[in-house]
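Trainee: I am new to this structure and should be grateful for a close look at a single part of it. Could you describe that part in detail and then set it in its wider context?

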Amino acid sequence: MGKKSFRGKNRRGGGGGRGGGQSGGGYRDYPAIPKENEKFQRFYDTLLQQDDEEKAAYWDALRRELPNSFRFCGSKGHALNVKRLLKDRYIPEIVKIEHQDGTPVAPPNAVPWYPDELAWWMTTPKNVIRKFPPFAAFQKFLVSETSVGNISRQEVVSMIPPLLMDLRPGMTVLDMCAAPGSKAAQLLEMIHVGEEARVRKTLRAFAQEDGLDLGVETQDEIDADLSADPTDAGRATGLLIANDSDYKRGHMLVHQLKRLSSPNLIVTNHDATQFPSIKLPSDPNSNKAKYLKFDRILADVPCSGDGTLRKNANLWKDWQPGSALGLHVTQIRILVRALQMLKVGGRVVFSTCSMNPVENEAVVVSAIERCGGPDNVEIVDCSNELKGLKRNPGMKSWKIMDKTAKIWNSWKEVEEYANEHNEGVTPGRVVETMFPRLEGSQCADLPLERCMRVYAHMQDTGGFFITVLQKKAEFKAKNENEPKQAPAKAEGSSETPKTEKVTEEGAEKADAEPVTAATEGDISMPDETTNGNKRPLETEEAEEQPVKKAKLEESEPSAATTPVSQPKQENGGKPRRNGPVEEAFKYLDSTHPVIQNIKEFYHLSTRFPDDRYMVRNEMGEPAKAIYYTTALMRDILKENEGRGIKFIHGGVRMFMKQDAPSAEVCRWRIQAEGMPILQGYVGEPRVIHLRNKETFRKLLIEMFPRISDENWKRFDEIGERVRDIGMGCCVLRIEPDGTDPDFSERMALPLWKSIHSLNLMLPKEDRAAMLLRVFNDTSPLINISLNKQTNTDTAAQEAQVEAADAQGNADVEENGEANGTKEDESKEVEQNA
């Protein structure tokens, strides 16, 4: 929900308090934070120039608590199915509740401008939610669906930027500052739009030839547009690279996005201002190196976060004007880097949760200026998009408050003051790029009114700023304007900041490295491992950085720059600042014995690609897990091995290793997250078709139900099939007849058959969520295998399955993909920046 004010350490103004705490096992009340800040109020009253009525509404809104909001996630069909439960099962009960005075309680409402009513919010106070059973049931539903990734607790304004990207299947997308991942999840869903129906439509054309039983053709299949993403048999070919500069937040990002089970996702850990070029395989007829350019880029940059006052109450006491001033240069660099990596005709969406023009319009103008002006980069008019979203146009003129809280009208005024009263030193961290451009200059007439400002009082949200930019031509980025900013040096230390010294040294080392694949327009760039600590975003040194970066950007062209491999870490092998070195991504040959065994056991169709299986260890041999990726991801991971790019996640776990009762049983079971990708290609000998709702309930609520000694008869239409099918993992296809609205969604789940029992290979929270969703049942799960005296083989299997599935991230620990605590994760989900 929105964005934290700063990423990583040393956050000021992001708040950290949660309104209450525990001491000695009991809750302690903290005094309410006074929602007053003279500097803050004076600055925005001066800046916004609202009439008395609007001013009162503006400040009243900022002092109220933010409404709760959430979004239905996943494929559109699945999201609509979960939304239907809210509308048909929970809201009819909630609207019956009345306050003591007889007025009805306000139910959750759909956000009017969000497509397909997939975003909702509610203003109901917590004491009402706790008091009435219908709200308690709704709350349990929210928690359950959030835990399995079907609902994202996300602030409403945070949902806007992805909707303005015009993202379509097949596109390559970069989210430069992605953690904790709520916007990245929206982008990933857009990449997969229509995929399920396209794949089924493609499969159906060969179903008879391949011996597949796909059931009745659905309307979605009939309507599927195969031309939307035509090159991989209906499968999504687009790619999302989600990046964050903070290592731990990067792993929070992995945790959030893994729920979507996408083979089209890569997570990286880089400073967004120096995001490295990603190499692609060269064209067969050319020796020229080829680098990835993006169709769409989201730059939701670190900011002072003063639009988040309603959820970060500590900002009322912590807000200082210097917070925004210190981030201005970094924000420009991120946006310029985004525009460099963009294809001509592509879009960058720039956004902040700040209302301060120094972080918004001033950044947009400065970035366009550095990229050669409006001939190269255009501000897109989005006034006709998202009908129903109330917004104000961007500012054409504005004032700046320096760190001493003095308000300036123009850069000329600052220079005159500096020359007359301050020995030529500019005051309070102010630089020229923060102000509107003078008439007659190249970017003086930019249509900044096309930018969007969303204020809290307009529709009871947080504050947000969004601008959509389109690249019209390639360009060579201009240097940052050091001479005009040089006087600011006296404001801080006269010495070069330590972090910048390290950067320069890194640059010299990089320049000295041979770049075998270098081409025209390709310059070396230091990897972040040589960069010392993360750039301090709120220190005095921030304004000096343009001077120190000149060396790197002197000849930087529009083409994305290329990093070179970095020397081994120094200082006697100390652990890297950002965390452990990641395991390798190694692809398996399609002739590998394990792959051949899997293909034979599951009777996999030859139409499913067998050259995209990957493992995460240096040996390149299957150990615990086998992943599946797209062809583009495979090319990227193989081509960039050893080039210093920090990939921390990629691919979907398709198979997990499991002990098998005999040599005939494949030891590699299909993982639940990989099942939607693979299930349509599994041959009928390993498929069980289930159509009875009550049979499904038995499999969900009972863990390891027995099928020996005639117990298979309890399972109705699948009884004989589970009795006769060979041991090991198989595909359970749930194929409802459509007569029951609660039991209407098709699913494919992994089912393990052992000598005496069955077991759905699902984590307990997924089972519980399905029971609640399909059956409105909150009964505890029944663990049949606890009777170890009569069912020793099942007990042993349970121990193994629990070890693998409760690990859930078992192979991930092996690869460094599970850092951070559960407490940290739950806090991030709740705040949802």
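Mentor: The account below starts with the chain as a whole, turns to one sheet and a residue within it, and ends with other parts for reference.

This is a predicted model, in which local features need pLDDT of at least 70 and side-chain atom pairs count only at pLDDT 80 or more, while totals for chains, interfaces and linings use all residues. Residues are numbered from 1 along each chain as its sequence is written, and side-chain values use heavy atoms, with hydrogens and water left out.

The chain contains 28 helices and 31 strands; these are DSSP runs numbered from the N terminus, with at least four residues for a helix (H or I) and at least two for a strand (E). Of its 833 residues, 58% count as buried, that is, under 20% relative accessible area, with exposed meaning over 50% and partly exposed in between (1.4 Å probe, protein chains only). Among contacts in the chain with a separation of 6 or more, 79% come from residues 24 or more positions apart, a contact being heavy atoms within 4.5 Å.

The part chosen is an open sheet of four strands in the order E26-E28-E29-E30, and its pairing is mixed. At its edges stand E26 and strand E30 (758–760); each has a single partner strand, so one side of each is left without a neighbour in the sheet. On average, and with direction ignored, neighbouring strands of this sheet are turned by 35 degrees against each other.

The pairings can be followed across the sheet, where two strands pair if DSSP finds at least two bridges between them. Strand E26 (residues 687–690) is parallel to E28, with four bridges between them, and Ile688 is the residue opposite Leu732 of E28. On the next step, E28 is antiparallel to strand E29 (residues 747–753) over seven bridges. Leu732 appears here again, with Leu749 as its bridge partner in E29. The last step is antiparallel too: E29 is joined to E30 by three bridges, and Lys753 lies opposite Leu758 in E30.

Strand E28 deserves particular attention. Seven of its seven residues are buried, so E28 is largely enclosed by the rest of the structure. In a regular strand the side chains alternate between the two faces of the sheet.

Val731 lies in E28, which spans residues 728–734. With 0% relative accessibility, Val731 counts as buried. Its C-alpha lies 4.7 Å from that of Val687, although 44 residues separate the two in sequence. When neighbours within four places in sequence are set aside, the contacts of Val731 are Ile670, Met675, Gln679, Val682, Arg686, Val687, Ile688, Ala748 and Leu749.

A helix pair may be considered next. Two packed helices are described by the angle between their axes and the distance between the axes. Helix H23 (residues 693–701) packs with helix H25 (residues 764–775) at about 155 degrees, and their axes are 9 Å apart. H23 is therefore roughly antiparallel to H25. Axes are lines fitted to C-alpha atoms, for helices over the stretch in contact, and angles run from 0 to 180 degrees between N-to-C directions; under 35 degrees counts as roughly parallel, over 145 as roughly antiparallel, 65 to 115 as roughly perpendicular and the rest as oblique.

The crossing of H23 and H25 is left-handed, meaning that the near helix is turned anticlockwise from the far one by less than a right angle, whereas clockwise would be right-handed. H23 contributes Lys693, Phe696, Arg697, Leu699, Leu700 and Ile701 to the contact, and H25 contributes Arg767, Met770, Leu771, Val774 and Phe775. Eight of the residues in this contact are nonpolar, none is polar and three are charged. Here Ala, Val, Leu, Ile, Met, Phe, Trp, Tyr, Cys and Pro count as nonpolar, Asp, Glu, Lys and Arg as charged, and the others, Gly among them, as polar.

For reference, another open sheet of four strands has the order E4-E5-E3-E6 and antiparallel pairing. Its edges are strand E4 (109–110) and strand E6 (151–152), each with a single partner strand, so one side of each has no neighbour in the sheet. E4 is antiparallel to strand E5 (residues 119–122), to which two bridges join it, and Ala110 has Trp120 of E5 as its bridge partner.
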